[in-house]
Amino acid sequence: MRTFKSFLVLASATAAVAAVLVAPAHAAVPADCAPDAWEPDGDWGFSASIAAPVTVGGTVTRAICQAPNPFPRTSAGQDFDFFRFTATGGKAYAGEITAAGSALGLGVQGGLQIGGLYRVNEDGSGTSINNVTMSNSFERFTTDVLPAGEYGFLTYTPDNQIYPNFVMDIKTVSGQAGAYTVRVSESSVDVPSVASVTLRSTSVKYGSTVQGTITMSGPAPEGGMFLFSDSSSRFTANPSSPYLPAGASSVGFTVTTTSQRPSRDTKVTISYNTTTGTPKSVVLTVKR
């Protein structure tokens, strides 16, 4: 299975890589599948304490240590490695697997994958922000422009990998065969801001839906982009979070109002924004 839980946002598979990349020459790899210095031990919850730091513009080597007999607290013979990097703000970022040991099946269905983007919180936990991912393959992700701060992502192998001749198996991976290298880079991207937000009607009865339009300052970049919705009362009026396709300068959205009759007419502020820029708002009155 190529998708794990809601926080992994993966696009359709790209063509398989013709040749498996060579493993890094110098890798600190546990020879007997003992957890490495940042081993999450099968725990899905992101934590900065187990995320290997990556300098933007540089690389870091890790190891997938996968065995039929799982580590403690795990339910399957699989491994997840977490990484973290610091964004200076106003840039787009890319993470990619640049080399991998032959046992990891880079570029092959069921092989080593990358994904799961997080904003790192003050307590070291992570909040999934996959909706800032502009495009994603199984060996690379790219983001929309990120505000300054610390971010994280993960690499992983499925517990039931698919190997040549479509044989399903949990494969033991350790030593140099499990080594791989990840690179993080940044680039300038011209991302439009929200120019205006309008509603077809600014006053509706409770239990209704209302359509709206977001107009951007320019076309969306290659790969498209997600827009962030906000509401002063999501229970009363909950706006959808639309996706702006590449080249598009406007997109529609829907606001769903409460199905329970409010005690009085309520004004709700609906706002939209990109990862940077100033949000634009419109006020909707939900009538009792």
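**Salt bridges, rings and one buried serine**

Trainee: Arginine 140 first: does it count as buried, exposed or partly exposed?
Mentor: Partly exposed, because its relative accessibility is 36%. Keep in mind that this is a predicted model.

Trainee: Which residue does arginine 140 meet in a salt bridge?
Mentor: Glutamate 96. The N to O distance between the side chains is 3.5 Å. Glutamate 96 is in strand β4 (residues 92-100) and arginine 140 in strand β8 (residues 140-143), so the bridge ties together parts 44 residues apart in sequence.

Trainee: And how accessible is glutamate 96?
Mentor: Its relative accessibility is 22%, so glutamate 96 counts as partly exposed.

Trainee: What else joins that network of salt bridges?
Mentor: Arg183. It is linked with Glu96 and Arg140 in one network.

Trainee: How many salt bridges does a search of the whole structure find?
Mentor: Four. One of them pairs aspartate 81 with arginine 62, with the closest N and O atoms 3.3 Å apart. Aspartate 81 belongs to strand β3 (residues 80-87) and arginine 62 to strand β2 (residues 59-63). The pair links distant parts of the chain, 19 residues apart.

Trainee: Are aspartate 81 and arginine 62 buried or exposed?
Mentor: Both are buried. Another bridge joins the side chains of arginine 84 and glutamate 150, at 3.1 Å from N to O. Why does that one tie together separate parts of the sequence? Arginine 84 sits in strand β3 and glutamate 150 in strand β9 (residues 149-156), so the bridged parts are 66 residues apart. Glutamate 150 has 28% relative accessibility and therefore counts as partly exposed.

Trainee: Back to arginine 62. What does its charged end sit over?
Mentor: The ring of phenylalanine 83, 5.6 Å from the ring centre. Arginine 62 also has its salt bridge with aspartate 81.

Trainee: Which aromatic cluster holds Phe83?
Mentor: One formed by Phe83, Phe85, Tyr93, Phe141, Tyr151, Phe153 and Tyr180.

Trainee: How many aromatic pairs are there in the structure?
Mentor: Eleven.

Trainee: Zoom out. How many helices and strands?
Mentor: Zero helices, 22 strands. The protein has 288 residues, and 49% of them count as buried. About 13,200 Å² is exposed, with 51% of that supplied by carbon and sulfur atoms.

Trainee: What share of contacts joins residues at least 24 apart?
Mentor: 74%, among contacts between residues at least 6 apart in sequence. For a single pair of positions, look at alanine 103 and glycine 178. They are 75 residues apart in sequence, yet their C-alpha atoms are 6.5 Å apart in space.

Trainee: Where does alanine 103 lie?
Mentor: In the loop between β4 and β5 (113-120). Alanine 103 has 10% relative accessibility, so it counts as buried.

Trainee: New topic. Where is serine 231, and is it buried or exposed?
Mentor: Serine 231 lies in strand β17 (residues 228-231). It is buried because its relative accessible area is 10%, and the cut-off is under 20%.

Trainee: Which backbone oxygen does its side chain reach at 2.7 Å?
Mentor: That of alanine 237. The side chain of serine 231 also reaches the backbone oxygen of serine 233, at 3.1 Å.

Trainee: What does serine 231 touch, beyond residues up to four places away in sequence?
Mentor: Ala237, Pro239, Val268, Thr269 and Ile270. Note Ala237 there: alanine 237 is also the one whose backbone oxygen the serine 231 side chain reaches at 2.7 Å.

Definitions and conventions
Residues are numbered from 1 along each chain as its sequence is written. This is a predicted model: local features need pLDDT of at least 70, side-chain atom pairs count only at pLDDT 80 or more; totals for chains, interfaces and linings use all residues. Side-chain values use heavy atoms; hydrogens and water are left out. Rings of Phe, Tyr and Trp (its six-membered ring) pair if their centres lie within 6.5 Å; planes under 30 degrees apart count as stacked, over 60 as edge-to-face and the rest as tilted. A charge sits over a ring if NZ of Lys or CZ of Arg is within 6 Å of the ring centre and within 35 degrees of the ring normal. Helices (H or I, at least four residues) and strands (E, at least two) are DSSP runs, numbered from the N terminus. Buried means under 20% relative accessible area, exposed over 50%, partly exposed in between (1.4 Å probe, protein chains only). Contact means heavy atoms within 4.5 Å. Accessible areas come from the Shrake-Rupley method with a 1.4 Å probe; for residues, only the protein chains shown count as cover. A polar contact is a pair of N or O atoms within 3.5 Å; within protein, one must be able to donate a hydrogen and the other to accept it, and residues adjacent in sequence count only if both atoms are side-chain atoms.
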